[in-house]
Structure formats: structure tokens, C-alpha cells
Amino acid sequence: MEKSEPNESLYQVFVDDNFHYRDESHRYLDGQFATYEEAVEHCRAIVDGELENAFKPGATAEQRFETYSLFGLDPFIKTPPGRRVDPPFSAWDYAKERCGILPRAATIPEA
């Protein structure tokens with residue numbers, strides 16, 4: 001994806017790194033979208049990718065979320081001036097939801 005300068009008239013998806021909590025030097029603009037729905041879909045794809053990468057067979061929902069909350073990417077949406085979305089997208093809330101529905105490791109029958 002080609003990186004561009006922020007366009008204040010679009011919904012901007014920025015990404016923070018949970019491993020570097022509150023360190024804005026690790027923040028970057030990951031995409032700009034005409035609609036809020038497109039921006040949310042992009043954020044969800046980022047979180048889903050992080051959860052897939054951190055998936056460990058047999059991990060509980062709580063363990064998967066803990067790994068995400070410590071090391072995963074945390075996307076958020078900056079809305080254009082004068083537009084408000086209530087409630088705003090929360091990557092952590094979405095990750096909690098997804099951790100509960102990601103498939104668990106299949107049981108392998110003993111030989």
C-alpha cells in the first residue's frame with residue numbers, strides 16, 4: 001500500500017503498537033477511506049491478521065486476547081472534522097469479540 005499524506009476530509013486509519021504503548025513514534029497512517037464503514041473494515045482486517053499470527057493451538061480466549069493486548073497492532077480511526085461516530089471503533093473490543101469466536105485447535109486422535 002502506498003503511504004500518503006493525511007487528508008483531513010477522509011477517515012484516516014492510524015496504527016499504534018501495543019508493545020510500545022503510548023509511544024507515538026511507532027504510530028503510522030495505514031489508510032484513508034471515503035466512508036467510516038470502509039475504515040472499520042480495514043481496522044478489523046488488521047486485528048484479524050494480528051490474532052491469526054498470534055494464534056497458538058489450545059490457547060484460551062483470554063490468552064489470545066492477552067497476547068494481542070501486549071504485542072498486537074492497535075488501529076484506530078480519526079474522523080474528518082465535524083463528523084462524529086458514536087461509539088467509535090475499538091480495536092480492543094473487536095479483538096475481545098474475535099478471541100471468543102476464533103476456532104480452537106482440533107483434537108488429534110491418538111494412534
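## The sheet

Two strands count as paired here if DSSP finds at least two bridges between them. With that in hand, this predicted model has an open sheet built from three strands, and the order across it is S2-S1-S3. The pairing is antiparallel. The edges belong to strand S2 (28-33) and strand S3 (73-78), each of which pairs on one side only. On average, neighbouring strands in this sheet are turned by 25° against each other, ignoring direction. In general, strands of a sheet are held together through backbone hydrogen bonds, and the pairing can be parallel or antiparallel.

## The chain as a whole

Stepping back, the protein chain contains three helices and three strands. Read from the N terminus, the elements go β-β-α-α-β-α. Put that next to the sheet order S2-S1-S3, and you can follow how the chain runs through the fold.

Of the 111 residues in the protein chain, 34% are buried. The accessible surface adds up to about 7,500 Å², and carbon and sulfur atoms own 52% of that area. Among contacts in the protein chain with a separation of 6 or more, 70% are between residues 24 or more positions apart.

## Strand S1 and its neighbours

How many bridges link S1 to each partner? Strand S1 (residues 11-17) is paired with S3 in the antiparallel sense over six bridges, while S1 and S2, also antiparallel, pair over five bridges. If you want to check the register, start with Val 15: Pro 75 in S3 stands opposite this residue, and Tyr 28 is its bridge partner in S2. Next door, Asp 16 faces Asp 74 in S3, and Phe 14 faces Leu 29 in S2.

S1 is well covered too, with seven of its seven residues buried. That goes for both faces: Tyr 11, Val 13, Val 15 and Asp 17 are buried on one side, and Gln 12, Phe 14 and Asp 16 are buried on the other. S2, an edge strand, is likewise mostly covered, with five of its six residues buried.

## Helix H1 on the sheet and against H2

What packs on the sheet? Helix H1 (residues 36-54) does, and S1, S2 and S3 are the strands it touches. The direction of H1 makes about 175° with that of S3.

H1 also meets helix H2 (residues 61-71): their axes come within 10 Å and cross at roughly 115°. The crossing is right-handed. From H1, the contact uses Val 47, Glu 50, Leu 51 and Ala 54; from H2, Arg 64, Thr 67, Tyr 68 and Phe 71. By type, the contact of H1 with H2 has five nonpolar residues, one polar and two charged.

Leu 51 deserves a second look. This residue sits in H1 and is part of the contact with H2. Buried or exposed? Leu 51 counts as buried because its relative accessibility is 4% and the cut-off is under 20%. Its C-alpha atom is 8.2 Å from that of Arg 98, although the two residues are 47 apart along the chain.

## Around helix H3

Which loop holds Pro 87? It lies in the loop between S3 and H3. The peptide bond joining Asp 86 and Pro 87 is cis, with omega at about 0°, so keep an eye on that bond if you process the coordinates automatically.Further on, Lys 96 has its place in helix H3 (residues 91-99). Lys 96 is partly exposed because its relative accessible area is 48%, which falls between the 20% and 50% cut-offs. Lys 96 and Ala 61 are 35 residues apart along the chain, and their C-alpha atoms are separated by 7.9 Å. Glu 66 is another distant partner in sequence: it is 30 residues from Lys 96, with 9.4 Å from C-alpha to C-alpha. Glu 66 belongs to helix H2, and at 47% relative accessibility this residue counts as partly exposed.

Notes. Residues are numbered from 1 along each chain as its sequence is written. This is a predicted model: local features need pLDDT of at least 70, side-chain atom pairs count only at pLDDT 80 or more; totals for chains, interfaces and linings use all residues. Side-chain values use heavy atoms; hydrogens and water are left out. Helices (H or I, at least four residues) and strands (E, at least two) are DSSP runs, numbered from the N terminus. Axes are lines fitted to C-alpha atoms, for helices over the stretch in contact, and angles run from 0 to 180 degrees between N-to-C directions. Contact means heavy atoms within 4.5 Å. Buried means under 20% relative accessible area, exposed over 50%, partly exposed in between (1.4 Å probe, protein chains only). Accessible areas come from the Shrake-Rupley method with a 1.4 Å probe; for residues, only the protein chains shown count as cover. A crossing is left-handed if the near helix is turned anticlockwise from the far one by less than a right angle, and right-handed if clockwise. Ala, Val, Leu, Ile, Met, Phe, Trp, Tyr, Cys and Pro count as nonpolar, Asp, Glu, Lys and Arg as charged, and the others, Gly among them, as polar.
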